[in-house]
Amino acid sequence: MRISKLFGKTRREIPTEADTISHQLLLRASMIRQVVAGVYSYLPLGWRVLKKIENIIREEMDNADGQELMLPVLQPLELWQESGRDLAFGEGLFTLRDRRQRKLALGPTHEEVITELVRYNVQSYHDSPLLLYQIQTKFRDEPRPRGGLIRVREFTMKDLYSFDTDEEGLDQSYNKMLQAYRNIYDRCSLPTILVEADSGAIGGKDSHEFMVIADSGEDEIIYCSNCEYTANTDKAQSVKDKIEDGEPLPLEEVETPGMATIEEVSSFLKVPHNRTFKAVFYVADGKLIFVVIRGDLEVNEVKLKNVLECTELRMATEAEVTEAGIVPGAASPIGISGIKVVADDSITTGTNFVAGANKPDKHLKNVNYPRDFKADLINDIAKARAGDRCPKCGGKLSSNHGIEVGHTFKLGTFISQKLGAFFIDQSGQSHPIVMGCYGIGLGRLLAAAIEQNHDDKGIIWPLAIAPFHIYLCPLYPENPQVIATAEKLYADLTAEDLEVLFDDRNESPGVKFNDADLLGIPLRVTISPRTLEKNSVEIKWRSEKESQLVSLEEIVAKLKELIARGAKTS
Ligand SMILES: [Zn+2]
């Protein structure tokens, strides 16, 4: 490809609208352009990268016995109502009506459509295991699209679905996919870690995410420095230490004039935060919820949502709290009625806590659970934090930011049961099919690769997903020998099926080198009057500082060898 003909011009200035490195560099390299929030066009260079990622993913899915098919974007909303997941996805689901007023959805994922298809094509246990996948456009109406390709509303995704007859079969399919995913990230030179994850709106039991560690990542990963424990903060647990405590004492009402926050109350009464109960109010599917948690901990809203099995959860307003007869700042679970009380299990870690008295400027000392009040639900709903102790080994937990580049779910039978996808076993009995699903967002993987591989000059593409292998860079092309050599080399390399981006422009060496660095093509080949004096050209890896001269006779063979070797090791 000649740069003079390439669609899309590089930009020198840093775009103000870009909030991550990958977003900045993709815009400056003219690889993508935003059409509307969270919706992007790919220009030729960006599209070449996406296609390479797609091919790697396809090869690994095929190697793992996946069969590729294609499912529609437009889906009848009834299918989503059948599984009940229209509610779980809520406003994330793009819906529309056709001319007959029939309700349709733009697929955010395809469990319903594929299960419906499998229902009519699978009858017996002979048909399993079955692995079906597609590489297709998905739509999710994200509330906050951000980070360029990191969180978008329209994106290309590989989604594979596994169908087995039992849990053991599911485990096998699941492990096969985990391995295929590791192969994909290895081939893209992307170091990932596997973390325990929350299933969210997809549903199901076990779930894992592949994370790339990056400061710009919006996921928080909690990990143990002593053992293997690694989990998304949505899911992560930690040890809630028992607090040194005495025998339960009688309740005692105390004056706390003007004291409302845990901070104020504990310093006023001279008790540590972990000897207090904090009240937090939410509205879950329209109903007020009273949450009680130890004063030193924070509520994990994902866990709370899972415990409540609700679809919508938000903080309650002060007006909603007051309206329910509760005194904000002195709210108490004691004597409360008509409101669901959900407690974190930390309230059982000691005795004689301080809690609100539900009277202005008054608190209660020596509150004991379950002596003084009953929670309707008690569970772990606390955030695990860096510094807490590991639930597996007691070691110290740390945290990091990450970008999720793959998500796997053991769905089990909840969708096949709802949609009536059954098989007949050896003895003629009918059972729901056991399902798993496995997704990779291609654009996000591309962005994560840039977050991992860049410097202050631009992108440094891993060879396997680079838009081109070689940046052919003649300097002073007005010199007839330079341009003639470059043209011949371009023809020779292209004839060898090497992917060459030929900078045939009449630009200064500075401009050409800057663009070569920005675009991140792995190998730069420079031809100048000076190299030609030695009958040579200069080659340099984008990732390295040193360059070397290679004679004109050897250059084609040398580049072929370097790229073949690089493709093997990457
Ligand atoms: Zn540990």
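Q: Which residues line the second largest cavity, and what makes a residue part of a lining?
A: Tyr471, Ala516, Asp517, Ile521, Arg524, Lys540, Trp541 and Arg542 line the second largest cavity. A lining residue has an atom within 4 Å of a cavity or pocket point on a 1 Å grid over the protein atoms alone. Helix 13 (509-519) and strand 30 (536-541) each give two or more residues to this lining. Helices (H or I, at least four residues) and strands (E, at least two) are DSSP runs, numbered from the N terminus.

Q: How should the model and its numbering be read?
A: This is a predicted model, in which local features need pLDDT of at least 70 and side-chain atom pairs count only at pLDDT 80 or more, while totals for chains, interfaces and linings use all residues. Residues are numbered from 1 along each chain as its sequence is written, and side-chain values use heavy atoms, with hydrogens and water left out.

Q: Why is the space of about 60 Å³ called a cavity?
A: A cavity is a set of points where a 1.4 Å probe fits but cannot get out, so the name goes to enclosed space of that kind. The volume of about 60 Å³ belongs to the largest cavity, and a volume is the space filled by probe spheres set on the points, which are joined across faces, edges and corners. Val122, Phe163 and Ile433 are among the residues that line the largest cavity.

Q: What makes the other space, of about 570 Å³, a pocket?
A: A pocket is an open set of points with protein on both sides within 12 Å along at least five of seven lines. The second largest pocket holds about 570 Å³, and 30 residues line it, with Lys278, Ala279, Val280, Phe281 and Gly329 nearest its centre. Strand 14 gives the most to that lining, with 6 residues.

Q: Why is the site of the zinc ion called tetrahedral?
A: Cys224 (SG), Cys227 (SG), Cys390 (SG) and Cys393 (SG) coordinate the zinc ion at 2.2 to 2.4 Å. Donors are N, O and S atoms within 2.8 Å of the metal (3.2 Å for Na, K and Ca), so these SG atoms qualify. The angles among the 4 donor atoms run from 100 to 113 degrees; four donors count as tetrahedral if all angles lie between 85 and 135 degrees, so the site fits.

Q: How do you know whether Cys390, Cys393 and Asn226 are buried, partly exposed or exposed?
A: Buried means under 20% relative accessible area, exposed over 50%, partly exposed in between (1.4 Å probe, protein chains only). Cys390 has 1%, so it is buried, Cys393 has 35%, so it is partly exposed, and Asn226 has 58%, so it is exposed. Asn226 sits in the loop between strand 11 (219-224) and strand 12 (230-232).

Q: What makes the aromatic pair of Tyr181 and Tyr185 edge-to-face?
A: The structure holds 12 aromatic pairs. In the pair of Tyr181 and Tyr185, the ring centres are 6.2 Å apart, with 85 degrees between the planes. Rings of Phe, Tyr and Trp (its six-membered ring) pair if their centres lie within 6.5 Å; planes under 30 degrees apart count as stacked, over 60 as edge-to-face and the rest as tilted. The pair therefore meets both conditions. Tyr181 and Tyr185 lie 4 residues apart in helix 6 (residues 167-187). Tyr181 is buried because its relative accessibility is 0%, and Tyr185 is buried because its value is 1%.

Terms used
Tetrahedral: all angles 85-135°; square planar, octahedral: opposite > 155°, others 65-115°.
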